[in-house]
Structure formats: structure tokens, C-alpha cells
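Please work through the following exercises with the sequence and the coordinates at hand. Each task is followed by a solution in steps.

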Number of protein chains: 2
Amino acid sequence: MAQRKVISFENIRVACRNCTLSQLCLPMGLVAEDVDRLDGIIKRSRPMHRGDHLFRGGERFRSLFVVKTGSVKTYAPSSEGGEQVLGFHLPGEIIGLDAIEKDCHACSAKVLETSAICEIPFHRLEELASSIPSLQHQMFRLLSKEIGHDAEMLLLLGKKNAEERLAAFLISMSKRLSKRGLSATDFYLSMSRHEIGNYLGLAVETVSRLFTRFQDEGLLNVDRKHVQVLDLRSLEGIAGIVQAEDHQQHSN
Amino acid sequence: MAQRKVISFENIRVACRNCTLSQLCLPMGLVAEDVDRLDGIIKRSRPMHRGDHLFRGGERFRSLFVVKTGSVKTYAPSSEGGEQVLGFHLPGEIIGLDAIEKDCHACSAKVLETSAICEIPFHRLEELASSIPSLQHQMFRLLSKEIGHDAEMLLLLGKKNAEERLAAFLISMSKRLSKRGLSATDFYLSMSRHEIGNYLGLAVETVSRLFTRFQDEGLLNVDRKHVQVLDLRSLEGIAGIVQAEDHQQHSN
DNA sequence: CGCTTAGTTGATTGGGATCAAACGTAGTGG
DNA sequence: CCACTACGTTTGATCCCAATCAACTAAGCG
């Protein structure tokens with residue numbers, strides 16, 4: 001039993017490395033020793049369940065969180081009781097970057113399904129970044145990536161119609177899941193239609209109708225939360241993603 | 001003449017400090033020596049004119065830019081020739097943070113009126129941040145602030161109607177200008193109606209009609225690009241900004 | 001097995017886009 | 001200086017996409 005526990009702990013460590021640290025380390029080399037130092041400040045938490053909060057708006061900011069398995073949504077209360085879903089966070093993705101500035105969380109983060117979450121105390125991460133330049137650089141890149149992603153969302157909400165939005169959402173899910181080694185064409189959506197609609201700036205009914213339409217058009221198979229993408233290429237076309245190597249007619 | 005030039009140069013240095021550095025230094029203390037080191041890596045550029053580009057999408061990322069005077073818009077090409085205006089940048093604000101990740105600019109930055117722009121070579125800033133922990137912290141805060149601002153925009157584009165969007169835009173301009181010592185109620189908009197509409201996800205005509213309506217309702221005086229805010233409070237009400245200290249009825 | 005919540009489908013409506021046209025305003029060159 | 005052009009802005013008329021309203025079905029759950 002004791003033996004098993006040790007093995008289990010090691011497995012967690014390995015899993016956590018693969019998942020938590022890759023965002024910070026993968027793109028370019030931290031030496032093994034630095035990875036160990038980084039690994040040393042990461043707190044593993046017990047599994048969290050649907051509806052649990054990582055943090056709520058207004059709370060003091062202490063840590064960043066990394067999704068190891070499962071999924072999390074972040075959302076901000078809008079005036080008049082409603083809320084705006086700001087994002088869905090899949091394994092390997094980081095949560096809480098927006099709270100650094102005010103030292104206080106402006107949004108809330110709620111677990112969508114049973115999930116394993118790592119916690120990284122931010123002040124310790126900052127200390128480490130001070131002494132490891134490449135880690136500092138990775139952190140700048142991480143923050144910057146979030147800004148770039150937000151810009152894509154601004155374009156989506158500002159310029160795209162309902163169909164394009166849902167297609168872009170599905171493509172995004174597909175890409176992010178496949179990046180983590182999961183299927184790009186067969187996955188479960190852990191969020192409700194309502195949450196998808198909220199995120200995309202659409203009514204629930206519109207989302208539902210579009211799922212039906214995509215299915216009718218042979219782009220998807222949808223059964224409840226289970227999605228099978230049948231025609232990724234067409235979906236990308238709808239989402240307005242231009243294939244770089246394809247024929248470009250309107251080169252402007 | 002030589003004398004005058006020296007004075008002028010010093011004035012520029014002082015102006016540049018007040019303006020460029022405040023974003024990086026103001027919130028908490030860098031010691032004077034560190035401010036000098038930071039000041040040392042900032043490049044002053046000659047005035048730029050309407051239509052000039054700070055950078056274009058696809059270019060290699062080398063520097064961040066800070067608006068000293070004037071204004072700049074950033075925009076990304078959307079598929080099918082259109083473009084999405086990502087932001088308007090007023091004095092004291094930083095441009096280019098989204099390019100850190102890919103080491104390449106994803107959007108373009110175009111000067112809206114005659115402007116003075118400072119350039120900060122990013123790799124030198126990173127070096128400096130490594131050796132000045134409080135500067136590193138300021139930079140994290142800066143990036144984080146951008147993410148927070150983007151989240152506000154997501155809420156605006158996802159949940160607010162045309163009227164609320166334009167009101168929010170005007171309030172934002174008012175606040176940001178007054179933060180720089182300019183009037184909060186009397187200012188010139190350097191961007192066209194078309195650019196405002198693009199930014200807010202609205203058609204030009206809608207923006208124009210709303211300006212007219214706000215004027216009819218006694219909220220504004222508008223003459224071309226000149227805006228006088230007559231009723232800031234009501235405008236904030238429309239924008240959905242809840243006054244904290246006012247009576248809260250629906251505390252939920 | 002009721003009860004509640006999530007999801008689907010249909011009917012209707014409305015806000016803002018689009019189309020169309022007039023009107024400055026700025027710039028350009030004769 | 002004024003005609004000419006081009007562009008930005010305003011205003012009006014019409015249309016359409018997606019929201020809303022409404023009814024129903026399917027799941028989850030105590």
C-alpha cells in the first residue's frame with residue numbers, strides 16, 4: 001500500500017510535469033535543474049468537481065492555476081445579473097493571468113467536470129522568473145499569447161455571424177484537444193449549450209439550431225455533448241480560416 | 001540656437017519620462033537609478049504622421065511602442081479583405097504586447113494623427129527586467145492589464161447593444177484622456193466614424209445615428225470630431241457602469 | 001415517479017445591417 | 001478663386017439575422 005502510494009505520487013508528478021509545465025517550459029529550453037525548481041513550487045490539489053470554484057471575482061490573487069485534466073470556465077458578472085463567459089480552459093491551459101494587475105480576481109473560475117488542477121503561487125513564480133531569464137521570457141510569451149487569443153475573440157464577436165462563430169468554436173476545441181493528444185474529430189463538450197451561446201454572444205436556441213444544421217449538412221454528428229466532426233475542412237471554411245497553401249484567387 | 005536645442009532635448013526627455021515611463025514605473029517604486037537605466041534603452045523617434053505605420057502584420061517583432069502624444073490604432077486583417085480594429089491607443093499607452101509570443105506582429109499599428117512615439121527594444125527591456133524584479137513585476141502587470149481590458153471588450157461585444165457600446169466607448173475615451181490631464185468632457189476623436197464602428201462591431205450608419213441621438217437627448221454636443229460630454233452620469237448609466245456608492249436595490 | 005433543468009423546434013419580432021441618396025468637407029489642379 | 005473629385009458623414013427606407021417568446025421533449029435526480 002505504501003509502495004503503491006509512492007508509485008502513484010510519482011505518476012502524478014510525471015503527469016503534472018507533462019501537463020502543467022509544458023506551457024512554461026516546452027517552447028524553449030529550461031535546463032533540467034530549472035525545471036526541477038519550477039516543479040518544486042507547483043502545488044497539486046485533490047480532484048475538483050463540477051461546480052467547484054478555483055476562485056471568485058473579488059478574491060485576493062495568490063496563484064495561477066493550470067488545468068491538468070478536465071475543464072474550467074471563467075466568467076465575469078455583467079451588469080444586471082447576467083454573466084459573460086470569458087473562456088473555456090482545457091488541459092495544459094493557464095487560468096488567472098488577468099488578475100496579476102489588480103492583485104485581485106476580476107472574474108470567477110468554475111470547474112465544468114471532475115478535474116485535476118495545479119496551483120502555482122504567483123509570487124514564487126515571479127521569484128523564480130527573476131533568476132531564470134528563459135522562464136521570465138516564457139511567462140511574457142504566455143501573457144502575450146493570451147492577448148493574441150483575446151484579439152481573435154474580438155474579431156469573432158465583432159465581425160462573424162452565428163454560423164462562423166460556432167464553426168470557429170468547434171475548430172478551436174478540436175485543435176486544442178488534439179494538441180493534448182486527444183482526438184481532433186471526436187470529443188465531448190463539457191459545457192452546456194447555454195454556456196457556449198454565452199461565450200459566443202449567441203442565444204441558446206441559435207446554438208442548438210446551428211448544431212442541428214451542421215449535422216443536417218453532414219459536417220458533424222452531434223449527440224448531446226458528444227461531437228464527431230465529419231468534415232473538418234468545410235468547418236474551417238465556414239469559420240473563415242483560410243488555408244494558406246490553397247489557391248488564393250483574391251490576393252487583393 | 002545650440003542652447004535652444006539642448007533645452008528642447010531636455011524637455012523631450014522630461015516629457016518622455018512623464019509619459020513613456022509612467023506605465024512602467026508609476027504604480028510602485030523603481031529607485032531613481034533603475035529609472036535611469038530604463039530611460040537609457042528607450043529610443044525617441046521623430047514625429048510620425050497620419051497614416052504612418054509603427055509596424056505591419058507579419059513583421060518581425062523587435063520593440064514595444066509607447067504613445068507619447070497623438071493616437072494610434074491597431075487592427076488585424078479579417079478574412080475576405082475586411083479588417084478588425086483592435087484598439088485605439090492614447091498617450092501613455094503601450095502597443096505591441098501581443099507580438100511577444102510569436103516574435104512576430106499579428107496586427108498592424110497605424111498612426112491616426114501627428115504623434116510622438118517612443119520605441120523600447122524588447123530584448124533590452126527583458127534584460128533589464130531580469131535584473132530589476134520590480135520592473136519584471138510591472139511588466140507582468142502591464143500584460144495582465146491588457147488581458148483584463150480585452151475581457152471588458154469581450155463583454156461589450158458579446159452582451160451590449162449598440163447604444164451601450166458607444167456610451168462605453170465614450171466613457172473609456174473620457175477616462176483615459178482625463179487620466180493624462182486632458183479634459184474628460186471636451187475632446188477630439190482622432191478616428192473616423194467608420195473606425196469607431198469597426199471597433200465596436202457596428203455599422204458606420206449606426207454610429208452616426210447614435211451620435212445624433214445622444215445629442216438630441218442632451219448627453220453630448222457633437223461637431224464632427226469634436227465631442228463635448230454634457231451628462232457623463234447618464235452616459236455611464238447607459239454604458240452599464242454601476243455607481244458603487246449609489247443605492248443598490250438588487251443586491252442579489 | 002414527479003420535479004427540475006437542459007435542449008430542441010417553431011413562430012414572431014426587432015435591432016441593427018444594408019441599400020440608397022443627399023450633403024458637407026477636404027483636397028487638387030486648372 | 002472655383003470647379004471637380006473623393007471621401008466621410010448624415011439621414012431615410014428596407015431587409016434580414018438572430019433574439020425572443022412559446023411549446024414541447026428529453027435527461028438527470030432525489
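The exercises below treat the pairing of the chains, their contact, one helix, selected salt bridges and one strand residue.

This is a predicted model, in which local features need pLDDT of at least 70 and side-chain atom pairs count only at pLDDT 80 or more, while totals for chains, interfaces and linings use all residues. Residues are numbered from 1 along each chain as its sequence is written, chains are lettered from A and ligands numbered from 1 in the order in which they are written, and side-chain values use heavy atoms, with hydrogens and water left out.

**Exercise 1. Describe the make-up of chain A.**

Step 1. Helices (H or I, at least four residues) and strands (E, at least two) are DSSP runs, numbered from the N terminus. On this basis chain A has 8 helices and 11 strands.

Step 2. Of the 252 residues in chain A, 50% are buried. Here buried means under 20% relative accessible area, exposed over 50%, and partly exposed in between (1.4 Å probe, protein chains only).

Step 3. Contact means heavy atoms within 4.5 Å. Of the contacts in chain A between residues at least 6 apart in sequence, 71% join residues at least 24 apart.

**Exercise 2. Determine how chain B is related to chain A.**

Step 1. Copies are superposed by least squares on the C-alpha atoms of residues with pLDDT of at least 70 in both. A turn of 180° with a shift of 0.0 Å along the axis lays chain B on chain A with an RMSD of 0.0 Å.

Step 2. That relation is the one given by a two-fold axis.

Step 3. The same surface serves both copies, since 100% of the contact residues of chain B recur in chain A.

**Exercise 3. Characterise the contact between chain B and chain A.**

Step 1. Chain B contributes 39 residues and chain A contributes 39 residues. Together they bury about 3800 Å², of which 63% is on carbon and sulfur atoms. Buried area is the accessible area (1.4 Å probe) that two parts lose on being put together, summed over both.

Step 2. B:Glu101, B:Phe140 and B:Leu154 supply 19% of the area that chain B buries against chain A, more than any other three residues.

Step 3. Between the chains there are 0 salt bridges, where a salt bridge is a side-chain nitrogen of Lys or Arg within 4 Å of a carboxyl oxygen of Asp or Glu. There are, however, 20 residue pairs in polar contact (both at pLDDT 80 or more). A polar contact is a pair of N or O atoms within 3.5 Å; within protein, one must be able to donate a hydrogen and the other to accept it, and residues adjacent in sequence count only if both atoms are side-chain atoms.

Step 4. On the side of chain B that touches chain A, β5 (83–89), α3 (122–131) and α4 each supply at least two residues. The most comes from α4(B), with 20 residues.

**Exercise 4. Locate helix α6 of chain A within its surroundings.**

Step 1. Helix α6 (residues 193–200) of chain A has 6 of its 8 residues buried, so it is largely enclosed by the rest of the structure. These buried residues are A:Glu195, A:Ile196, A:Gly197, A:Asn198, A:Tyr199 and A:Leu200.

Step 2. They pack against β4 (72–77), β5 (83–89), α4 (133–159), α5 (162–179) and α7 (204–216) of chain A, and also against α4 (133–159) of chain B.

Step 3. After α6(A) comes A:Gly201, whose phi is positive, near 70°.

**Exercise 5. Examine selected salt bridges.**

Step 1. Over all chains the structure holds 18 salt bridges. In one of them, A:Arg44 pairs with A:Asp39, the closest N and O atoms being 2.9 Å apart. A:Arg44 is partly exposed at 27% relative accessibility, whereas A:Asp39 is buried at 1%.

Step 2. B:Glu83 and B:Lys73 also form a salt bridge, their closest N and O atoms being 3.1 Å apart. B:Glu83 lies in strand β5 and B:Lys73 in strand β4 of chain B, so the pair ties together parts that are 10 residues apart in sequence. B:Lys73 is buried, with 4% relative accessibility.

Step 3. The side chains of B:Glu101 and B:Lys102 meet in a salt bridge (3.6 Å, N to O). B:Glu101 is buried at 16% relative accessibility, and B:Lys102 is exposed at 58%.

**Exercise 6. Describe the surroundings of B:Thr69.**

Step 1. B:Thr69 belongs to strand β3 (residues 63–69) of chain B and is partly exposed, with a relative accessible area of 43%.

Step 2. Leaving aside residues up to four places away in sequence, B:Thr69 touches B:Pro91, B:Ser115 and B:Ala116. The C-alpha atoms of B:Thr69 and B:Ala116 are separated by 5.1 Å, although the two residues are 47 residues apart along the chain.
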